[in-house]
Amino acid sequence: MKNLNKPISLVTAFILFITCLPGCNNPAASQNKDEFLSDQSMSKYISKAYSVNYIEGGIKLEKFVFETTAKSKMVWSGTVHFANMDITKSGAVEIKLLKGKIDKFQISPENKDYKASISNGVLKMNININDKIWVEINGDKLQPLMLFGNPPKPAVPQDAIYFPAGIHNIGRAYKVKPNTTLYLDEGAYLIGSIDARGSENVKIMGRGIISGEYKSGAEVMAETNNSANWELFQEYFTIRGDARQTGFVLDGVSIINTPCYNAYYVNEFRNVKIISPWVYTSDGFHAMPTKDKPGIVKDSYAFVADDVFYASYNQYGNVEITNCFASSTNNNIFLIGYWGWGMKNNYKATVKDIYVKPFVEHAIFQAVIDGATSETGFKDMTFENIYIEGNIICPLIWIQNRYYPWPEQQKNKMLGNAKNIVFKNISVSGRQLKTSKLLGLNSSNGLQDITLENISING
């Protein structure tokens with residue numbers, strides 16, 4: 001099952017499982033390490049820096065630590081290592097260097113106590129369900145280790161298209177039909193992209209990985225005239241829906257090494273991990289609501305190189321973004337909006353309980369108000385319980401009537417408004433090294449009802 005390059009049906013998977021019992025695997029070995037650690041086809045993706053053991057209930061399990069980096073490193077030059085743990089209640093993690101010993105470490109989120117300690121060069125720490133943890137070892141910021149604490153793995157739904165552990169070359173724009181579930185089991189590694197446009201009720205779930213490594217960001221930029229050829233550019237989105245479909249859900253999977261956008265027009269992201277910090281068009285979560293159901297990002301993680309969260313999609317319906325970890329190497333964490341949209345609706349965006357590890361963002365919260373008329377803009381957003389780690393070398397908040405940053409896409413004359421935007425319980429643990437900006441254009445085009453409540457910077 002491990003080396004198949006095509007998905008197999010649930011019936012076939014069950015038959016193969018039965019024919020293996022009781023003696024085709026070593027029971028002791030399967031209890032002590034991820035089974036696909038021995039899969040030679042996966043060896044190119046295993047970390048050359050770290051090993052990780054997960055411990056729960058007296059059982060120690062050696063985890064497969066993935067290593068990913070990009071062919072073209074436009075904005076960040078590092079390599080990411082990551083491992084998934086399925087957690088029943090709570091557990092512990094042992095981290096070892098494959099060469100040398102651990103002398104010091106830094107853990108994010110810094111505002112949680114993971115009971116971390118070093119003994120004989122090994123780092124041990126606690127981990128719980130829905131933890132998204134970033135570990136830097138011996139001061140090496142270019143080799144971070146990400147640890148993801150998942151709830152117990154869900155069962156494979158009946159009639160799902162099943163991808164077992166191993167490499168699956170699905171090609172560009174693997175088409176998904178309506179009412180389809182793709183189940184990516186732990187260790188499933190899909191290379192290519194997925195096109196779900198026009199398909200209602202699509203779910204991509206499991207613990208597997210979708211990688212866009214088949215194409216580099218530099219190649220995509222060259223082919224699409226730096227994304228000016230928008231139609232061709234969209235062909236390289238790793239996961240793509242459309243603005244009108246419903247029931248498009250990602251649950252538990254990881255998206256890595258994308259050449260441009262990661263996941264565009266998905267209705268719900270739940271426990272999704274995105275790792276693409278190298279290319280400056282690798283956006284985070286485009287959570288598209290409908291009039292009846294909110295766009296959701298929940299218990300998710302992003303280390304990308306462009307805007308992470310799109311609160312501006314509340315022009316189409318309510319948006320709910322909760323309990324996430326976010327970092328961007330090249331743009332904003334919270335995009336209040338670009339240009340300006342019509343505001344004749346009562347939809348809201350609620351963004352709550354977010355941990356931010358900053359790099360070189362344009363701003364943590366940003367709105368570029370470049371609307372068509374005074375009736376356009378952004379409104380009815382609440383950002384609450386946001387913790388930003390360390391110093392930020394960008395403005396915390398930047399809301400201004402100004403032209404969109406790219407000249408070829410400047411559309412209007414800085415008209416429009418920002419209305420009823422609340423920032424509550426926002427904490428920056430370090431300093432803000434550039435001044436925040438709240439700047440309107442005139443009495444009819446500017447900022448109205450902007451609320452700052454309990455904002456803390458450097459204590």
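**Notebook: salt bridges, sheets and a surface patch**

I began with the charged side chains and found Lys 175, Asp 195, Arg 197, Glu 235 and Arg 240 linked in a network of salt bridges. I note at once that the model is a predicted one, and that my search of the whole structure for salt bridges returned 20.

I then looked up three individual pairs. For Lys 215 and Glu 223, whose side chains meet in a salt bridge, I read an N to O distance of 2.6 Å. Lys 215 has a relative accessible area of 19% and is therefore buried, the cut-off for that class being under 20%, whereas Glu 223, with 38%, is partly exposed. The second pair is Arg 270 with Glu 268, a salt bridge in which the closest N and O atoms lie 2.9 Å apart. Here I found Glu 268 buried, at 17% relative accessibility, while Arg 270 counts as partly exposed at 29%. The third pair joins Lys 115 to Asp 113, with 3.1 Å between the closest N and O atoms, and in this case I noted both Lys 115 and Asp 113 as exposed.

Next I turned to the strands. Which order do the five strands of the open sheet follow? I traced them as β2-β1-β5-β8-β7, with antiparallel pairing. At the edges I found β2 (59–63) and β7 (117–119), and because each has a single partner strand, one side of each is left without a neighbour in the sheet. Direction ignored, neighbouring strands of this sheet are turned against each other by 30 degrees on average. I followed the edge strand β7 further and saw that three bridges join β7 to β8 (residues 122–128), the two running antiparallel; within this pairing, Ser 117 has Lys 124 of β8 as its bridge partner.

I also checked pairing in the parallel sense. Strand β26 (residues 309–310) and strand β28 (residues 334–337) pair in this way over two bridges, and I recorded Leu 335 in β28 as the bridge partner of Tyr 310. From β28 I went on to β31 (residues 365–369), which pairs with β28 in the parallel sense over three bridges, and there I found Leu 335 standing opposite Gln 366.

For a single residue I chose Gly 149, which is found in strand β10 (residues 145–150). Is Gly 149 buried or exposed? At 0% relative accessibility, I have to count Gly 149 as buried. Leaving out residues up to four places away in sequence, I listed its contacts as Met 85, Ile 87, Ile 127, Asn 128, Ile 129, Asn 130, Asp 131 and Lys 132. I also took the C-alpha separation between Gly 149 and Ala 302, which comes to 15 Å, the two being 153 residues apart along the chain.

Last, I looked at the surface for nonpolar side chains. Leu 438, Leu 452, Ile 455 and Ile 457 form a nonpolar patch there, and I noted about 300 Å² of accessible area for these residues together. Which strand gives the most to this nonpolar patch? I found that strand β36 (residues 447–457) does, with three residues. Leu 452 lies in β36, and with a relative accessible area of 48% I entered Leu 452 as partly exposed.

Terms used
Residues are numbered from 1 along each chain as its sequence is written. This is a predicted model: local features need pLDDT of at least 70, side-chain atom pairs count only at pLDDT 80 or more; totals for chains, interfaces and linings use all residues. Side-chain values use heavy atoms; hydrogens and water are left out. Two strands pair if DSSP finds at least two bridges between them. Helices (H or I, at least four residues) and strands (E, at least two) are DSSP runs, numbered from the N terminus. Axes are lines fitted to C-alpha atoms, for helices over the stretch in contact, and angles run from 0 to 180 degrees between N-to-C directions. Buried means under 20% relative accessible area, exposed over 50%, partly exposed in between (1.4 Å probe, protein chains only). Contact means heavy atoms within 4.5 Å. Patches are made of residues with over 30% relative accessible area and no salt bridge: like charges are joined within 9 Å, nonpolar side chains (Val, Leu, Ile, Met, Phe, Trp, Tyr) within 5 Å. Accessible areas come from the Shrake-Rupley method with a 1.4 Å probe; for residues, only the protein chains shown count as cover. A salt bridge is a side-chain nitrogen of Lys or Arg within 4 Å of a carboxyl oxygen of Asp or Glu.
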